[in-house]
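Visitor: Please take me through one part of this protein in detail, the sheet, and show how the rest of the fold relates to that part. I would like one connected account rather than a list.

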Amino acid sequence: MKKFIIKTVINNRKYELSVSPNQTLLDLLREELGLTGTKRGCEVGECGACTVLINGEAVNSCLVLAPQIDGKEVLTVEGLAEDGELHPLQKSFMKHDAVHCGYCTPGMIMSAKQLVEENPQPTEEEIRTAISGNLCRCTGYVQIVDAISEVQK
Ligand code: FES
Ligand code: FES
């Protein structure tokens, strides 16, 4: 199968990669780049476990083909910490016990990241809307909403 050469920036690092036309971004991240923080759930755009940011917008990486990130910037949960310091959202999730099994957490945090960048003081309803594409089977969402809410204050 014909391969594409793409140039992209992932977690502030430049890459030139050879990718297949039918390879998903999720596969590229996990299988080739070893960025396994992004989780594989349903693979049909339903669960949000695979959420990453592309040019600041939260997307399901299982629905994005690798060639589509050519010329774009991707941020995964591995790219949130700076100088060994966790992102405020990560700290807040820990503080509020918003991580139980943890499978939804990376995707949940990436959706929250887009929200807090665009809307510094979201209401509870806006938080719940922002994470509505991220399913959590463990927490009941209350701690997650509290964690995101506190980052705004
Ligand atoms: S694995 Fe992508 S939305 Fe579920
Ligand atoms: S913490 Fe287990 S799915 Fe959310």
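Guide: The model is predicted, and the account below follows the sheet from one edge to the other before turning to the helices and domains.

The sheet is open and has five strands in the order 2-1-5-3-4, with mixed pairing. Strand 2 and strand 4 are the edge strands; each has a single partner strand, so one side of each has no neighbour in the sheet. On average, and with direction ignored, neighbouring strands are turned by 40° against each other. As general background, strands of a sheet pair through backbone hydrogen bonds, either parallel or antiparallel.

Start at the edge formed by strand 2. Strand 2 covers residues 13-19 and runs antiparallel to strand 1, residues 4-10, with seven bridges joining the two. One pair in this ladder is Val9 with Lys14, the latter in strand 2. The hairpin that links strand 1 and strand 2 has two residues between the strands, and Asn11 there takes a positive phi near 50°.

Next in the order comes the pairing of strand 1 with strand 5. Strand 5 spans residues 73-75 and runs parallel to strand 1, to which two bridges join it. Here Ile10 is found opposite Val74 of strand 5.

Strand 5 also pairs with strand 3, in the antiparallel sense and over two bridges. In this pairing Leu53 stands opposite Leu75, a residue of strand 5.

The other edge is reached through strand 3 and strand 4, which run antiparallel and are joined by four bridges. Ile54 has Glu57 of strand 4 opposite. The hairpin of strand 3 and strand 4 again has two residues between the strands, and Asn55 in that hairpin takes a positive phi near 50°.

A helix lies against this part of the sheet. Strand 3 and strand 4 are touched by helix 3, which packs on the sheet with its direction at about 35° to that of strand 3. Helix 3, residues 105-118, also packs with helix 2, residues 88-95, at an angle of about 125° and with the axes 10 Å apart. An angle of that value falls outside the ranges counted as roughly parallel, antiparallel or perpendicular, and helix 2 and helix 3 are therefore oblique to each other. The crossing of helix 2 past helix 3 is right-handed. On the helix 2 side the contact involves Leu89, Gln90 and Phe93; on the helix 3 side it involves Thr105, Ile109, Ala112 and Lys113. By class, the residues of this contact are four nonpolar, two polar and one charged.

The domain division gives a wider view of the same region. Domain 1 runs over 4-79 and domain 2 over 88-151. Their C-alpha centres are 21 Å apart. In the contact, domain 1 takes part with 14 residues and domain 2 with 13 residues. On the side of domain 1 that touches domain 2, strand 3 (51-54) and strand 4 (57-60) each supply at least two residues. Strand 3 gives the largest share of that side, three residues. The residues on that side of domain 1 comprise seven nonpolar, five polar and two charged.

Key
Residues are numbered from 1 along each chain as its sequence is written. Chains are lettered from A and ligands numbered from 1 in the order in which they are written. This is a predicted model: local features need pLDDT of at least 70, side-chain atom pairs count only at pLDDT 80 or more; totals for chains, interfaces and linings use all residues. Two strands pair if DSSP finds at least two bridges between them. Axes are lines fitted to C-alpha atoms, for helices over the stretch in contact, and angles run from 0 to 180 degrees between N-to-C directions. Angles under 35 degrees count as roughly parallel, over 145 as roughly antiparallel, 65 to 115 as roughly perpendicular and the rest as oblique. A crossing is left-handed if the near helix is turned anticlockwise from the far one by less than a right angle, and right-handed if clockwise. Two residues are in contact if their C-beta atoms, placed from the backbone, lie within 7 Å. Ala, Val, Leu, Ile, Met, Phe, Trp, Tyr, Cys and Pro count as nonpolar, Asp, Glu, Lys and Arg as charged, and the others, Gly among them, as polar. Domain bounds come from an automatic or database domain assignment.
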